[in-house]
Amino acid sequence: MRHSIRFYLGERLVSLNDVAPDQTLLDWLRHKGRTGTKEGCNEGDCGACTVIVARLRQNRVVLKAVNACIQLLPMLDGAVLFTIEDIGSAAALHPVQEAMVSLNGTQCGFCTPGFVMSMVAYRNAEQRPNDDAAIDSALSGNLCRCTGYAPIVRAMKQALAAPDSAFEEMLSGLVPRLEALEDHADVVIQTATGTVFIPDTADTLAQYLLDYPDTLIVAGATDVGLWVTKAMRPLHVWPLSASAAS
Ligand code: FES
Ligand code: FES
């Protein structure tokens, strides 16, 4: 059993042993100074807070663009997390960033980090058709209120044709890092505001539910995240001795 969550934030291994069940990833990132990830709607609609979560699927690194505002921090256990600060630098822009600049894909810039993260995830997807319908679908979780979408789609098309950047080269080395995080431990973290339980197997989940039948089960958090950010509802609705939230 492990009493901490572990994940990589870019190149850095993070281990947290005091993480509340309702701690959102966006709040945690911004308090850490990763302020390139923006807060817009705080309800999973606008995409300003988009980050990339990398995990292993059948020995292959799979990138997923997710909304940090409704992602709960314990859900990051075992993953590699990338924010806009990890993608490129002022001296060496990622091809997506270069295309957004050269094709005027940004004006006020508030939505831009989120768009770039969705675009980088799409560029590294297994299937990444270079047509309007597929790109519109891939970027449908990101809203822009001032630039308009045509330049952003053009930037996506240009970036799809660009050669690998340092970011893509780094991705090929992620497999051993992700494998090292797979210790097959159940995670239990007790905090003042609830208990996080991350089962490794269906059997341990079943046993936990027998012991704590009022436990709140969280999968994608697309509903539960809103209970936290909009309803301001604490997840530990019962005393710790009687219940737990994961
Ligand atoms: S802030 Fe709008 S989706 Fe997260
Ligand atoms: S550039 Fe202003 S909202 Fe997109």
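Which charged end sits over the ring of Tyr 8? In this model, which is a predicted one, the answer is the charged end of Arg 177, placed 4.8 Å from the centre of that ring. A second arrangement of this kind involves Arg 233, whose charged end sits over the ring of Trp 227, at 4.3 Å from the ring centre.

Let me turn to the sheet. As a reminder for those who are new to this, strands of a sheet pair through backbone hydrogen bonds, and they do so either parallel or antiparallel. Here we have an open sheet of 5 strands, and if you read across it the order is β2-β1-β5-β3-β4, with mixed pairing. At the edges are β2, residues 12-16, and β4, residues 60-67, each of which pairs on one side only. From one strand to the next, the twist averages 30 degrees.

If you would like to follow one pairing on the structure, please take β3, residues 50-57, which pairs with β4 in the antiparallel sense over 8 bridges. You can begin with Thr 50, whose bridge partner in β4 is Asn 67.

Two helices that pack on this sheet deserve a look. Helix α3, which covers residues 112-123, touches β3, β4 and β5, and its direction makes about 25 degrees with that of β3. Helix α7, residues 174-181, touches β1, β2, β3, β4 and β5, while its direction makes about 80 degrees with that of β3.

Now to the aromatic rings, where the count comes to 5 aromatic pairs. One of them joins Phe 115 and Tyr 149, whose ring centres are 6.3 Å apart and whose planes stand at 50 degrees, so the pair is tilted. Phe 115 lies in helix α3 and Tyr 149 in helix α5, residues 149-160, so this pair ties together parts that are 34 residues apart in sequence. Are the two partners buried or exposed? Phe 115 is buried, because its relative accessible area is 1%, whereas Tyr 149, at 39% relative accessibility, counts as partly exposed.

Another tilted pair is formed by Tyr 208 and Tyr 212, with 4.7 Å from centre to centre and 40 degrees between the planes. Tyr 208 counts as buried at 10% relative accessibility, while Tyr 212, with a relative accessible area of 27%, is partly exposed. Finally, when you look around these two tyrosines, please include Phe 197, since Phe 197, Tyr 208 and Tyr 212 form one aromatic cluster.

Notes:
Residues numbered from 1 in each chain as written. Chains lettered and ligands numbered in written order. Predicted model: local features only at pLDDT ≥ 70, side-chain atom pairs only at ≥ 80, totals over all residues. Heavy atoms only, no water. Pairing = 2+ DSSP bridges. Helix = DSSP H or I, 4+ residues; strand = E, 2+ residues; numbered from the N terminus. Axes fitted to C-alpha atoms, helices over the stretch in contact; angles between N-to-C directions. Contact = heavy atoms within 4.5 Å. Phe/Tyr/Trp six-rings, centres within 6.5 Å; stacked < 30°, edge-to-face > 60°. Buried < 20%, exposed > 50% of the residue type's maximum accessible area, 1.4 Å probe, protein only. Lys NZ or Arg CZ within 6 Å of the ring centre and 35° of its normal.
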